Amino acid sequence: MLLAVENLEVRYGTVPAVRDVSFHVETGEIVCFLGANGAGKSTTMLAVAGVLRPARGDIQFDSRSIVGLTPEQVAALGIGLVPEGRRIFGRLTVRENLVVASGLRGGMAAQKQTLDVIFNLFPILRERYDGRAGNLSGGEQQQLAIARALLTKPRLLIMDEPSLGLAPKFVDLVYETFAALRDSGVTLLLVEQSMRRALSLADRIYFLQSGQVVLHGRAAELAGRSDLEHLYLGGAAAR
Amino acid sequence: MNGIQLMVDALSLGSQYALVALGIGLVFGIMRMINFAHGDLMMLGAYALVVPTTADVAPPLIGKWPAVAMIVAITALVACAGILTERFAFRPLRHRQADGATLLISSFAVSYLLQSVVLLVHTGRPKSVSIFAELTRQMEIGGVRVALVDVVTIAVTALLLLAMVVFLRRVRWGVEIRAASEDFTMARILGVRADAVIALAFAIAGGLAGILSLLYVAKTGVLDFRMGVPLAVAGFVGTVVGGMGSLIGAVLGGLFLGVASSLLQALLPEALRPGRDAFLYSLVIVVLLVRPQGLFAPRDTGERT
Amino acid sequence: MKVGLSPPTLPAAGLIPLLGLLCVVVHLIGNQLVEGALTEALVYMVMVVGLSVFVSNSGIISFGHVSFALIGAYASAWQTCCPGLRGVFMPGLPKIVLDTNVPVIPAALIAALLAAVVAAVAGVAIARLDAVAASIALLSLLFVVKTIYENWTSITAGQGSLAGLPLYVSLWTALAWAAVAIVVAQFYMISAHGLRLRATREDYAAARAAGILPWRERLIALVISAFLFAIGGILFGHYLGTLAVSIYWLDMTFLTLAMLVVGGMRSLTGAVVGTLAISTVRELLRALERGFDFGATTIQIPQGTQEVALALALLLVLIFRPQGIVGDYELGVSLPR
């Protein structure tokens with residue numbers, strides 16, 4: 001198992017956002033977390049990335065507990081997170097955003113290959129290389145965010161709501177990218193609100209509600225269950 | 001007073017304040033803490049020029065080294081002092097999740113500590129020291145005589161600012177500092193080491209304080225354990241008025257404050273002059289109320305931490 | 001008793017009898033130095049208790065309270081100082097002020113009221129700012145007030161000293177005012193306003209959602225706090241007998257803040273305990289700085305060790321025990337229903 005999370009509990013002050021979450025991700029899989037807003041998906045991911053400290057529970061990466069490590073230590077171990085909202089450095093240029101991310105694995109000079117891959121996947125980034133990142137459209141910013149994450153050479157890439165606020169053509173592009181990433185050996189953990197998208201790509205799916213895992217299974221098995229959308233995703237129409 | 005003289009005076013003071021504000025702004029950008037101790041780092045640099053002694057007269061120590069060695073030594077020393085204050089005061093607090101209020105008080109405490117130590121070692125009596133004596137000469141610009149040290153201050157500041165721009169844009173560490181200032185957590189998620197980037201910011205701020213101490217002492221020739229306070233106040237006001245969280249804002253704020261201060265001093269009628277400082281300090285409150293991002297900060301479209 | 005949002009019915013009520021007892025004991029011992037030290041400590045206590053009314057309940061650090069002490073001290077001097085010579089030192093004062101000698105207690109109240117008015121005016125702006133900005137604004141207020149007082153030499157004797165203030169601050173005067181400060185502080189704490197302000201400290205968003213107006217509560221707390229702090233400043237001036245603008249500047253700011261933080265920033269008991277603790281340490285160090293004979297040798301530490309020790313103490317408390325000596329604890333009593 002690449003990632004194993006057991007009985008995770010994360011609080012904001014005294015309020016528990018994640019109550020008792022257990023899940024795992026095998027190498028080479030694509031696992032998807034589904035749930036309505038406020039279910040605790042993002043909080044779980046932030047805890048895995050070391051940004052939030054869990055009140056209870058264990059997180060194991062490569063059979064080694066990573067609870068209590070700093071975000072930069074977690075990144076060095078090989079977990080990359082593209083958080084909700086993308087969080088690109090809007091005041092920096094596209095180039096500078098990439099430069100920051102390149103530092104973990106030796107700087108831009110050492111990452112020629114990865115940069116080539118990135119520009120092949122997202123040619124817009126080469127076009128807007130010296131432009132202010134804050135001026136990119138939502139979809140372009142998402143590409144930049146993924147590109148940044150790739151430069152940290154993650155073995156596990158966590159994407160939190162990658163399709164949020166994106167035009168459909170960008171979402172398609174982004175999902176194609178995920179497939180390509182999986183083929184090249186990156187394990188993916190996706191957080192989504194769209195069941196259709198999740199089913200199209202994921203191997204296994206976990207449903208989260210009120211901070212707990214309420215259902216999980218292989219995508220193939222869950223594909224026929226149209227009731228799930230209403231039960232766990234607040235009745236959001238299939239997107 | 002002649003227009004050129006006035007401008008040189010104003011720019012010289014503005015340069016000093018800009019340097020202080022830059023130092024304060026660098027640390028504030030990443031840690032969201034106003035480092036009151038910054039002015040006292042400059043004071044440490046100044047006192048390092050003389051032999052530590054409680055005697056009335058302090059013989060020069062580093063102050064009598066050859067120019068280049070002195071500049072390098074003082075800059076390095078104050079940079080180290082900056083790193084040490086971070087390492088032993090602020091880092092332990094950061095690692096204990098100290099909130100903004102606690103950090104603020106602690107920077108005040110560090111400032112007080114530095115002043116108290118120097119007071120203990122040197123006593124409260126001002127001491128004099130002479131460095132770069134050649135700079136006290138005057139030179140001619142456009143037929144007007146101005147103090148060489150002022151011109152040098154302006155020139156050095158301009159060079160330092162240029163160097164900073166290059167560093168912050170072209171050197172990876174500099175870009176990391178800017179990224180950390182914009183969204184510290186995201187930078188860490190991308191692998192930027194928090195302790196390292198903060199230590200670097202303190203080192204640079206310290207180095208700037210060191211150079212400023214040389215310029216300041218070259219001009220005034222006086223050491224006093226409280227000498228850092230007016231500069232820290234100016235830097236603080238400049239940073240807030242210019243724009244916290246924006247380095248450009250901080251620098252422009254410091255510049256603006258120094259220039260305004262100088263010009264008001266020269267141009268206000270005698271009776272109103274004492275009100276000058278009060279007016280400038282109260283700008284802080286006005287800015288915080290009306291335009292909290294500062295007068296000169298660029299529109300902030302970046303992500304919030 | 002742990003205090004959260006609802007303190008015991010009379011928080012810190014236990015403190016006044018204890019302080020009274022302490023004063024009696026010290027007085028009976030009869031040592032002038034110790035009695036003086038305790039008097040000074042009680043004067044600081046008035047200030048620190050005043051400070052805590054604002055800081056403890058709002059959670060906002062104030063670096064600017066000493067400006068209220070400054071305003072109050074000089075306003076009291078204007079009414080009571082150096083009769084006959086007042087016009088020499090401060091010629092700019094209006095004639096009615098120059099000619100009138102107000103008895104010390106009303107003078108103190110009027111002077112503190114002036115400081116409270118200034119706090120109200122500044123507070124209208126400052127109370128609306130977020131916590132960090134408010135702290136910064138309060139610090140700026142200190143600069144503004146200090147600069148004005150330093151430069152308005154016709155009414156403040158500028159950077160010089162003003163001597164001749166009536167010395168009316170005895171141990172018992174200081175104790176009385178400390179008790180008054182504690183009583184005022186505790187009644188504010190248990191009042192609806194105090195409760196509401198602490199709610200904003202605990203959970204700002206929830207408090208606003210509950211209809212609380214943070215700026216109004218902060219303003220009220222600031223004004224009360226300024227009044228008390230000003231009283232402390234007035235007492236300090238009349239304890240020394242001399243005033244100078246430089247007394248009411250960074251040293252006093254640091255000292256009062258350190259006393260509050262070391263004792264416990266979140267409680268009234270903390271303010272009292274912190275003041276006593278720091279004052280004790282200061283006196284010990286002062287004595288060591290003066291040097292005393294121990295058998296054949298004289299033990300003496302260098303002048304200035306006091307301040308270094310104080311700064312280190314504050315830093316260590318901030319790092320290792322940020323809640324201060326007492327944390328959230330209040331030495332109070334619950335009245336039977």
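**Contacts and core in a three-chain model**

Trainee: How many residues does each side bring to the contact of chain B with chain A?
Mentor: In this predicted model, chain B contributes 20 residues and chain A contributes 24 residues.

Trainee: Which helices of chain B supply at least two residues of that side?
Mentor: They are α6 (172-182) and α7 (184-189) of chain B. The most comes from α6(B), which gives 6 residues to the side of chain B that touches chain A.

Trainee: And what is the make-up of that side by class?
Mentor: The side of chain B that touches chain A has 8 nonpolar, 4 polar and 8 charged residues.

Trainee: Which pair of chains has the most contacts?
Mentor: Of the 2 pairs of chains that touch, chains B and C have the most contacts between them. There, 31 residues of chain C are in contact with 32 residues of chain B.

Trainee: Which elements of chain C give two or more residues to that side?
Mentor: On the side of chain C that touches chain B, those elements are α6 (104-126), α7 (131-151), α13 (250-263) and α15 (305-320) of chain C. The largest share is from α7(C), with 12 residues. By class, this side of chain C has 24 nonpolar, 6 polar and 1 charged residues.

Trainee: How far apart are the closest C-alpha atoms of chain A and chain C?
Mentor: They lie 10 Å apart, and no contact joins chain A and chain C.

Trainee: Changing topic: which residues touch the most other members of the largest nonpolar core?
Mentor: That core has 294 residues, and C:A115 and C:A230 touch the most other members. Its largest share comes from helix α8 (residues 194-220) of chain B, with 17 residues.

Trainee: What is C:A115 in contact with, leaving aside neighbours within four places in sequence?
Mentor: C:A115 is then in contact with C:F68, C:I71, C:G72, C:A226, C:F227 and C:A230. Thus C:A230 appears among the contacts of C:A115, and both touch the most other members of the core.

Trainee: Back to chain B. Why is helix α2 described as largely enclosed?
Mentor: Helix α2 (residues 38-47) of chain B is largely enclosed by the rest of the structure because 10 of its 10 residues are buried. A residue is buried if 20 or more other C-beta atoms lie within 10 Å of its own. The buried residues of α2(B) include B:H38, B:D40, B:L41 and B:Y47.

Trainee: What do they pack against?
Mentor: The buried residues of α2(B) pack against α1 (3-31), α3 (67-95), α4 (100-122), α8, β4 (222-223) and α9 (228-242) of chain B. Helix α8 of chain B also gives the largest share of the core.

Note on methods:
Residues are numbered from 1 along each chain as its sequence is written. Chains are lettered from A and ligands numbered from 1 in the order in which they are written. This is a predicted model: local features need pLDDT of at least 70, side-chain atom pairs count only at pLDDT 80 or more; totals for chains, interfaces and linings use all residues. Two residues are in contact if their C-beta atoms, placed from the backbone, lie within 7 Å. Helices (H or I, at least four residues) and strands (E, at least two) are DSSP runs, numbered from the N terminus. Ala, Val, Leu, Ile, Met, Phe, Trp, Tyr, Cys and Pro count as nonpolar, Asp, Glu, Lys and Arg as charged, and the others, Gly among them, as polar. A nonpolar core is a set of buried Ala, Val, Leu, Ile, Met, Phe, Trp, Tyr and Cys residues joined through C-beta atoms within 7 Å. A residue is buried if 20 or more other C-beta atoms lie within 10 Å of its own, exposed if 12 or fewer, and partly exposed in between; C-beta atoms are placed from the backbone.
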